[in-house]
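Here are some short exercises to work through with the model open beside you. Try each task yourself before you read its solution.

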Amino acid sequence: MKRKVLVERIAQNVKEKPNVVQSVLREFVKVLAEAIKNGETVTISGLGQFKVKITKPKIGRNPKTGETVPIPERKKVSFRPTEWLRRYINS
């Protein structure tokens, strides 16, 4: 689902103008991204938990040449859905 469709569906459900929903969604994403960037864990009841995990440095391989390449440590965003969401999806 694209952002536009998501905004339209939410606007219909809450009987609000799409541009208002778009603004709220934009701000939600900004606040979420800023919190995650600062290392905070964000938990949204009924949805799940967003947090940053740090991957360990490792050695990779260039598939073309076979040369080994060091891959540095980096941050990645992890999402863990709530038990309710997992059950809902699997029902």
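Helices (H or I, at least four residues) and strands (E, at least two) are DSSP runs, numbered from the N terminus. This is a predicted model, in which local features need pLDDT of at least 70, side-chain atom pairs count only at pLDDT 80 or more, and totals for chains, interfaces and linings use all residues. Residues are numbered from 1 along each chain as its sequence is written, and side-chain values use heavy atoms, with hydrogens and water left out.

**Exercise 1. The overall layout**

Work out the order of the elements and describe the extent of the protein.

Step 1: Count the elements; there are three helices and five strands.

Step 2: Read them from the N terminus, which gives α-α-β-β-β-β-β-α.

Step 3: Look at the extent. The C-alpha atoms fill a box of roughly 55 × 30 × 30 Å along the principal axes.

Step 4: Compare with a globule. The radius of gyration of the protein is 19 Å, while a compact globule of 91 residues would have one near 12 Å. This radius is taken over C-alpha atoms, and the globule rule is 2.2 Å times the number of residues to the power 0.38.

Step 5: Check the burial. Of the 91 residues, 14% count as buried; buried means under 20% relative accessible area, exposed over 50%, and partly exposed in between (1.4 Å probe, protein chains only).

**Exercise 2. Pairing the strands**

Find the partners of strand β2 and the hairpins in the model.

Step 1: Start with the rule that two strands pair if DSSP finds at least two bridges between them.

Step 2: Take β1 (residues 42-44) and β2 (residues 48-55), which run antiparallel and share three bridges. Val42 has Phe50 as its bridge partner in β2.

Step 3: Inspect the turn of this hairpin. Three residues lie between β1 and β2, and Gly46 takes a positive phi near 85°.

Step 4: Follow β2 to its other partner, β5, which is antiparallel to β2 and joined to it by eight bridges. Here Thr55 stands opposite Arg74 in β5.

Step 5: Move to β3 (residues 58-61) and β4 (residues 68-71), an antiparallel pair with four bridges. Arg61 is bridged to Thr68 in β4. This hairpin has six residues between its strands, and Gly66 in the turn shows a positive phi of about 80°.

**Exercise 3. Two strand residues**

Is Ser78 buried or exposed, and which residues does Ser78 touch? Then do the same for Pro70.

Step 1: Place Ser78 in strand β5 (residues 74-81). Its relative accessible area is 16%, so Ser78 is buried.

Step 2: List its contacts (heavy atoms within 4.5 Å). Not counting residues up to four places away in sequence, Ser78 touches Gln49, Phe50, Lys51 and Lys53.

Step 3: Place Pro70 in strand β4. Pro70 counts as exposed because its relative accessibility is 62%.

Step 4: List the contacts of Pro70: leaving aside neighbours within four places in sequence, these are Lys58 and Ile59. Ile59 is eleven residues away along the chain, with 4.6 Å between the two C-alpha atoms.

**Exercise 4. A backbone angle in a loop**

Where is Lys15, and what is its phi?

Step 1: Locate Lys15 in the loop between α1 (3-14) and α2 (18-37).

Step 2: Read its phi, a positive value near 55° in a residue other than glycine. Most residues other than glycine have a negative phi.

Step 3: Check the accessibility. With a relative accessible area of 74%, Lys15 is exposed.
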